[in-house]
Amino acid sequence: MRSPAAGLPELQAWFASQAADAAPVGVSPPSARDVLIVAGSQSGLSSIFRALIGPGQPLLIESPTYWGAILAAEQAGVTLVPVLTGAYGPDPDDVDRAFAATGARAFYAQPTFANPTGTQWSADTGAAVLDIVRARGAFLVEGDWAHDLAIDADPRPLVGHDDDGHVIYLRSLTKSVSPALRVAAVIARGPARERILADRAAETMYVSGVLQAAALDVVSQPGWSAHLRGLRQQLRVRRDLLLESLGTHAPQVHVEHVPVGGLNLWVRLPDGTDVHGLVRECETRGLLVAPGSEWFPTEPSGPFIRLNFGSENPSRVAAAGEVLGDVLGTLASSACAARPSGRTRRSVRARVPRL
Ligand SMILES: Cc1ncc(COP(=O)(O)O)c(C=O)c1O
């Protein structure tokens, strides 16, 4: 039998109950009816940007942020307006100013274990941004892709604090249940829900009932909480091995924020590093590294790479620093060898494009 367009009612209820867990007393949490099941939150993002923003319209977006959100917004013809974000989230005054300057109707952000930095907004920042979004009559599009990938902090989704439909929430099970079960949820209320559902119906009609039932079966198992606790421990071990390995073998790099959740380390390279050359060289030595430029909606603010510690076995994670340190050393010495004699370091550096 075909699933309802919005999803399997029991799975909708599960996602709603998860959002309700984050609701303080006095806030009415979303209901099962507000949940739309989607085949991965990536396609949910596309629908939200198409249905609620539209071509030529501005969207505030953290910088750096998830490359897939940048791509989905660009595909929808949306105009991106970057807002600098940091260890505890963006400065709420910057968010307010950006709304005022652009008339944007939405802000896409990841308050919990952001991709790429693994940081979490402070509770004060979350409350202040929600107030701004409400006052501006706008939406916060909250990406909660790493809800189940906590390491040192617990997730605090802002959707739980929203009882008037200003938060459009995305929660994915891809990483915690299985990449083979591409099941996620969008939570939206009122007319926003109807518009997103209409876009979903036009695109895919409904998500396979078999996949939804399988996902529900996994998250309803008594062992689910134990699985998440085990995952937390494994992620902590791998993150710490990678940090230690970088500290020992690649002291040239700088990790601005130790991630409190997620799968990634966001690593700053020495100024002037040829990031794409480094990525290529690491790859030939068996280390897959992502160039940081993909996480910036506009110009990168410096030379960064993203290292994933979630998907490798711990011994390979520990070896990553050695490869990276070695490649950085090789690049630095070949840059020195190529430097014409008699020139100062400063004059050569000035010719190297900043990435
Ligand atoms: C922030 C963010 N949103 C969405 C996604 C896509 O998730 P899904 O597999 O549910 O499409 C990812 C994948 O890594 C992500 O990092």
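Tutor: Quick ground rules: two strands count as paired if DSSP finds at least two bridges between them. Helices (H or I, at least four residues) and strands (E, at least two) are DSSP runs, numbered from the N terminus. This is a predicted model, so local features need pLDDT of at least 70 and side-chain atom pairs count only at pLDDT 80 or more, while totals for chains, interfaces and linings use all residues. Residue numbers start from 1 along each chain, following the sequence as written.

Student: Okay, which strands are the edge strands of the open sheet of 8?

Tutor: Walk through the sheet and you get the order β1-β8-β7-β6-β5-β2-β3-β4, with mixed pairing. An edge strand pairs on one side only, and here that gives β1 and β4.

Student: Do β5 and β6 run parallel or antiparallel, and over how many bridges?

Tutor: One pair to look for is A109, whose bridge partner in β6 is E142. The two strands, β5 and β6, run parallel, and the number of bridges is 4.

Student: And β1: which residue of β8 is the bridge partner of L36?

Tutor: β1 (residues 35-38) and β8 (residues 184-187) pair in the antiparallel sense over 4 bridges. In that ladder, L36 has as its partner V186.

Student: In β1, which residues point the other way from V35 and I37?

Tutor: In a regular strand, side chains alternate between the two faces of the sheet. In β1 both sets are buried, that is, 20 or more other C-beta atoms (placed from the backbone) lie within 10 Å of their own, against 12 or fewer for exposed and in between for partly exposed. With V35 and I37 on one side, the other side gets L36 and V38.

Student: Moving on: what are the edge strands of the open sheet of 4?

Tutor: Its order is β9-β10-β12-β11, and the pairing is antiparallel. The two that pair on one side only are β9 (254-255) and β11 (290-291).

Student: How many bridges join β10 to β12?

Tutor: On its β9 side, β10 (residues 264-268) is held by 2 bridges, with V255 partnered by V267 and H254 opposite R268. β10 is also mostly covered, with 4 of its 5 residues buried. Towards β12 (residues 304-308), N264 stands opposite N308. The antiparallel β10 and β12 are joined by a number of bridges equal to 5.

Student: Now helix α5. Why do its buried residues line one face?

Tutor: α5 (residues 123-135) reaches 18 Å from first to last C-alpha, close to the 18 Å expected (1.5 Å times one less than its number of residues). The buried ones are T125, G126, V129, I132 and V133. Taking directions from the helix axis to the C-beta atoms, they line one face because they fall within an arc of 130 degrees.

Student: Which elements do the buried residues of α5 pack against?

Tutor: The face turned away from them carries the exposed residues D124 and A135. Contact on the buried side is judged by C-beta atoms, placed from the backbone, within 7 Å. By that test the partners are β4 (89-90), α4 (92-102), β5 (106-109) and β6 (139-144).

Student: Is F113, with its 26 C-beta neighbours, buried or exposed?

Tutor: F113 is in the loop between β5 and α5 and has a positive phi of about 50 degrees although it is not a glycine. Most residues other than glycine have a negative phi. With 26 C-beta neighbours inside 10 Å, F113 is buried.

Student: And M205, with 10 other C-beta atoms within 10 Å: buried or exposed?

Tutor: M205 also has a positive phi, about 70 degrees, and is found in the loop between α6 (190-203) and α7 (209-220). Because it has 10 other C-beta atoms within 10 Å, M205 is exposed.

Student: What is omega for the cis peptide bond from N115 to P116?

Tutor: Most peptide bonds are trans. A cis bond also joins S63 and P64, with omega about 5 degrees. For N115 to P116, omega is near 25 degrees.

Student: Last one: which residues come nearest the ligand?

Tutor: The shell takes residues whose C-beta, placed from the backbone, is within 6 Å of the ligand, and it divides into 3 nonpolar, 9 polar and 1 charged. Here Ala, Val, Leu, Ile, Met, Phe, Trp, Tyr, Cys and Pro count as nonpolar, Asp, Glu, Lys and Arg as charged, and the others, Gly among them, as polar. Of the 13 residues, the nearest are G40, Q42, W145, S172 and T174.

Definitions and conventions
Two residues are in contact if their C-beta atoms, placed from the backbone, lie within 7 Å.
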